[in-house]
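Trainee: Please take a close look at one part for me: the protein surface near the DNA. I want to know what builds it, strand by strand.

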Protein chains: 2
Amino acid sequence: MQERRSNADRRQETRAALLSAARALFTETGYAETGTPEIVARAGVTRGALYHHFADKRALFLALIEAEAQAIAASIDAASLDATDPLTALRQGARAYFTAMQVPGRVRLMLIDGPSVLGPDEMRRIDADTGGATLREGLAALPGVTATGEDLAALADLVSAMFDRAALASAGGNDAGPHAAMLDSLLARLA
Amino acid sequence: MQERRSNADRRQETRAALLSAARALFTETGYAETGTPEIVARAGVTRGALYHHFADKRALFLALIEAEAQAIAASIDAASLDATDPLTALRQGARAYFTAMQVPGRVRLMLIDGPSVLGPDEMRRIDADTGGATLREGLAALPGVTATGEDLAALADLVSAMFDRAALASAGGNDAGPHAAMLDSLLARLA
DNA sequence: TCAAAAACATTCAGGCTGTATGGAAGCGAT
DNA sequence: ATCGCTTCCATACAGCCTGAATGTTTTTGA
């Protein structure tokens, strides 16, 4: 019995299987420690399929990171829609980011392996393509923030660094309480 | 002609040669892209020497990172000795950190490859063993900071994240001005 | 229905890591 | 001084992985 599938379907299915298997293994074992034989075995295909869909291991990882970044940005957008004043909007966005980053493996993908494998520049680009502007606008709306242009971008970058560090602190079963609370009070000082 | 060297000398010399060669290649090409054959060729020894002194490639990298962290901490300590009031002390420490992180390759070693190869936990341990306490004390001395214990540690971690991000922004020939200035004004708000 | 293209499988070459084995040089005791 | 022991280092080997090249099957479109 041979099930007749369209090329588009086949393509998308194996791509999804590869991305899913790669995500599982990369988050469990790390990028460098995970081999492509392992990935394709888990995905139920061969290495030929992998190298047909992706130029190399790095390209597979890049596709994974981009999908993950979009999922995170979508979560934040969905959560911070009902904004009353700028500060609570920012706080809601921060909470949404933390909960989004608690999805298993996300910290490792986005904050550890991502910058190392893809480089900081590419990670910045990905961030800019997904949710980068949101934070800038959220900060600019705060009454205590007068920065614009480059200064505003720098401020957003610094605040984003604190978000990331707080998310990192909450990984591995650690208590995120102190970091999140402290970050919240720092944001309150900005307003 | 055979130069008679003591075992202690031989050991330290080849170790230094290996660490120096590894530092050069890791900073130029990155950890994953640098092979041990390349390292030992540059150091003028063989892979046998490398695996005699270090358990594996990771252990060599670890020794390198620890030495680098101590060098950075030493630079900061040396620069922030003449402290008048807490805020300027912190500012001087910040400036010292930025100049220390402008040594070529340091950003890549400490902020990109380090966390990926050694893991965030080990990087935290290294930071705690070198200059971790300095920042906590400097922040605690600020009049506007009332946090203690876990909260103080969380604040120091968040501020440290901003330092790192600012240093990262200044890497690759980018202009560090906006980040450094913005960070400076944020620190002033804390006091 | 049939050629062309897409999707996938298999094979191959090169390189790298870590280990095991071998040799040379220093060290301590006699 | 020399002899066993240890340290230091070099060479050889086995296993694995990556990416490219080559084959095979399935789908597509005319």
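Mentor: Start with DNA strand C. Four helices each supply at least two residues of the surface near it: α1 (7–29) and α3 of chain A, with α2 (36–43) and α3 of chain B. Helices here are DSSP runs of H or I, at least four residues long, numbered from the N terminus. This is a predicted model: local features need pLDDT of at least 70, side-chain atom pairs count only at pLDDT 80 or more, and totals for chains, interfaces and linings use all residues. Residues are numbered from 1 along each chain as its sequence is written, while chains are lettered from A and ligands numbered from 1 in the order in which they are written.

In total, 22 residues surround DNA strand C. Near means a C-beta atom, placed from the backbone, within 6 Å of the strand. Gly48(A) and Ala49(A) are among the closest, and chain B adds Ser6(B), Gly35(B) and Thr36(B) to that group. By class, this surface holds 10 polar, 8 charged and 4 nonpolar residues. Nonpolar covers Ala, Val, Leu, Ile, Met, Phe, Trp, Tyr, Cys and Pro; charged covers Asp, Glu, Lys and Arg; the others, Gly among them, are polar.

Now DNA strand D. Here 24 residues lie around the strand, and Ser6(A), Thr36(A), Thr46(B), Gly48(B) and Ala49(B) come nearest. Chain A brings α2 (36–43) and α3 (47–53), and chain B brings α1 (7–29) and α3 (47–53), each with at least two residues. The largest share, 5 residues, is from α3(B). The classes are 12 polar, 8 charged and 4 nonpolar.

How do the two chains relate? Chain A superposes on chain B by a rotation of 180° with 0.0 Å of shift along the axis, at an RMSD of 0.1 Å. The fit is by least squares on C-alpha atoms of residues with pLDDT of at least 70 in both copies. The copies are therefore related as by a two-fold rotation axis. Both use the same surface: 100% of the contact residues of chain A recur in chain B. Contact means C-beta atoms, placed from the backbone, within 7 Å.

That contact takes 26 residues from chain A and 26 residues from chain B. On chain A, α6 (106–118), α9 (149–169) and α10 (177–190) each give two or more residues. The largest share is from α9(A), with 13 residues. This side of chain A has 17 nonpolar, 7 charged and 2 polar residues.

Definitions and conventions: Two residues are in contact if their C-beta atoms, placed from the backbone, lie within 7 Å.
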